[in-house]
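Hi,

Here is the structure I promised to pass on. Have a look at it first, and my notes come after.

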Amino acid sequence: MALARHSRKGTISLDFAGSQGVRAVVAMLAVALVGTALFAAGPARAQSATVRMTANRTSLTVGETLTLEIRAEATGGRVESVEQPNLTGFDVVSRQLATPMSFQFGFGGRTQVVQSSTIQTLTLLARRPGRYELRPARAVVGGRTFESNRLSLVVVPAGQKPPPGPLQGGFAPDPADEPPAGAEPPADPLAPPTGRLDGAQFDAEAFIRTVVDKREPWVGEQVTVTIYLYVRSGIRSAPTASREPTAEGFWVHDLLPPQRSLEATEQNVDGTPFRVYVMRRFAAFPLRAGELTIGALTLDVPTGTVFDLFGATPQRALRRDGVPVAIRARPLPDAGRPTDEARVGRFTVESSLDRTQVATGDAVTLTARVRGTGNLRDVRIPTPAIDGLSLLEPQIKDEIEAPGDLVGGTRTFEWLVVPRRPGSYTLPPLGFDTFDPAAGTYGRAESAALSLVAAGNVVAEPRPDDAPADREPTEGADEPADPAASYGPLRTESALRRRAPTLVEQPWFPYALGAPAAVWLVVLLVAAALRRARTRAGASAPQRAFRGARKRLAKVDALAKAGDARACYGELSSALKAALEARLGEPVGGFTLSALRGHLVTRGMPEELATRLVDELEGAEFARFSASGASPDELSRARDRAQALLDRIDRFTPSPAERP
Amino acid sequence: MTARPRSRPASVHAARGRCASTVAVLAILVSVVAAPAAADSHRALFARANAAFARGDYQSAAQTYAQLVDAGVDDADVYYDLALSHAKAGAHGRAIYWLERALIVSPGDDAAEAAIAASQAALGRRRAAASGEATVQTRPPFREAAVRGVHVDTLAVLVLALSVLFFGALVVLRFARGETTRLASWIVAPLLGLGLGVAALGLAQKVGLFDTGDAALALDEDLALLEAPDPRAATRGLLHEGERLRVVGRDRGWARVRAPGGREGWLRDDGLGTLRRDKR
């Protein structure tokens, strides 16, 4: 627990008793929870979405086709529907719908959507010449409607050559950057540059090279920094950085995905072949003019291959330092410099009101979307001051992207506007001054002016101090005028989620919690029961065999009554042999009667019993194959003798058989 | 003479069946129609609250946001706006309460954490100005802080997953024949067991198994802590706005609370904000 101590003088001392412990526990928990954090994220934040409409060409002749792509990407919500613009003048030849990158987690009655995308790809056939202004495509996310950019298409009559048109809707490549006609297509942008080896200190075994695409950028202009690792032999595993490159004086945006595999390209340096790995790649925006430095990266490189584990080659980890690279950021030129600060990049601004007519005292949302390439986080649009309208500080949302390693995206400003007096208002164009680094000229990105009509009575201005009357300011208090000023802006968007039970509150949760342990116990019990049954089955086999012998003897009575002496003696003989086999645990069918007697004596049977047994078996065999029948009395006596022998065999414990 | 119960004719059964079906269909229709209507009214309320806030009418804004909460909305953004309205009106205890509620729904909300710190600092300054010096608890207790940034569902899923893996590893350990499999199970099972233990402790802390009563906050300054649930009872002490409490009992509009330092006494319910999600 930490306590903050406040005094009248305003000094604050902090007691961090236990904070180290908290950090340690939090760190441990973080390790334990990190795997599940991705799996079961907390409730999704407020929904946001971007909708972009692009075409592979914007000018064409009648009868030609173009591909129109409407891409809606939502965070914290699901793209429920996408409404395409009016396509009068075109035939839709084909339509494709894809919903990639959709990650959803369901908890209880709540489905948490991390991100989802919907891409509609339409192939359009131009039917009539003319200029077509496609209105924005609309996507509905979480009940809210998001709009895309507009698109202009020019269709010329068949036989005419369409005017050259830029790619629209996306980040158009700078014409100056485009390769000349007939040039080879650009190589892999991640491949190391050839030519003079700069940004590195050559080492025949391994070295680090830092490459920047501009040495003298303007302040605020993107510099793409790539750090390569050159190694002669392969690497066993991913190198670890013991020191990251510093980028003081830059705003940095990483251009590599967080998860990626290391892939090598081959390059010869002074005739020596090296494997080259991309270790870092980021966009750096200079924040001030002057000499700035991209610091050196230090890597521990495990060289060799995994097969060296089994060979005689010693495994080594090489430590290599990169070379700091100096960048001279040029101040923006004075010629034509506007009075306000200019933002470096290429931007467009669109503004809109969610309603154009409103009652006084009600709020409307004024939205300004800044799109383009450059350091969007640096973009500011001052809140306009309009007499009769109150505007709250804006809520700002950023969606930063880097297609083609060119950082840009969309920055959205949302103001709540409340008319205090009735009347017709004109909201001035929203915008800011820009500086195009490629052209080296200043400009201005600005939206169109908007109109708002307010009707109703005059609404009173808010009091400067809205503290309740019972909260008198205390004498000597140095409380700021508005303590809530350090709060973030009002959240004007909300999914207005309703209460949903957590997993722990679900009635099935206790059962689910206990199920694995219960299954484990059941498995153990079943296994134990099966083992015991098997043991019993093994131990009782002789007893079962002995019981079978007695049953055979019981049949003798029935056979005797039937007068079947042959079968009667056969059963009697079989019963005695079965009983012997059960007790001895070995077959006795292979012995002659004399050999059987000797074997029984060897296994510990009294001689007298062995003799009687053999005599009885011999008698039974003889009687079985004699021509004359036997009287019932004789059969009964033979049965009694056999019964007595069975009882004695049952009590007999044989000595262990000799192993062959 | 006794009357025999007569069996109902089949037509009566059929009519009842039709009636039940009609009622069921109507109920479904009503629910289908009512759900978007409720959503619309929630949106309208939210817009009205935002407008009141924009006008600077923070009390109306707070009341309207509170109506949304009463209507069953359990959303971190609404709680945040409600807190902001209270903070603008100077009611920082209530602001902290709603921010804590926002963090229950959406742990790890940095803006809410920063806002809590701002309101606690404002309370500290106000109290210091009044009495010369003030001590404000700026962080929750140790155990609470350990799981503060993790959603209860995250911990629940973690416990379930680790439980399945742990007992699965035990089963493998019991039946595996291969030496490699057994060795791997011997290594993995204790680690999974340890993870399961930690996660289960975290979940138990999160749902309050280790604590007596619900966590709560004093919403107003100088709330009297009484010896009995009666306004005429003797005062045991005063509670500060935003002070963390434990509700250990309730009795007809009164709550028996335990304050830091072991002080215990009775407090009216309306001066107290319980940090527990409403069950609707």
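Below is what I found in it, with the ground rules up front.

This is a predicted model, in which local features need pLDDT of at least 70 and side-chain atom pairs count only at pLDDT 80 or more, while totals for chains, interfaces and linings use all residues. Residues are numbered from 1 along each chain as its sequence is written, and chains are lettered from A and ligands numbered from 1 in the order in which they are written.

On confidence: the predictor gives the complex an ipTM of 0.78 and a pTM of 0.50. Chain B has an average pLDDT (the predictor's confidence in each residue, from 0 to 100) of 82, and 81% of its residues score at least 70. Over residues 1-8 of chain B the pLDDT is below 50, and beyond near neighbours in sequence this stretch has 1 contact in the model. A contact here means two residues whose C-beta atoms, placed from the backbone, lie within 7 Å.

Now chain A. It has 7 helices and 33 strands, taken as DSSP runs (H or I, at least four residues, for helices; E, at least two, for strands) numbered from the N terminus. Among its contacts between residues at least 6 apart in sequence, 73% join residues at least 24 apart.

One hairpin to look at: strands E18 (residues 264-269) and E19 (residues 272-286) of chain A pair in the antiparallel sense over 6 bridges; pairing takes at least two DSSP bridges. Val269(A) sits opposite Thr272(A) in E19(A). The hairpin has 2 residues between the strands, and Asp270(A) takes a positive phi near 50° there.

Cheers
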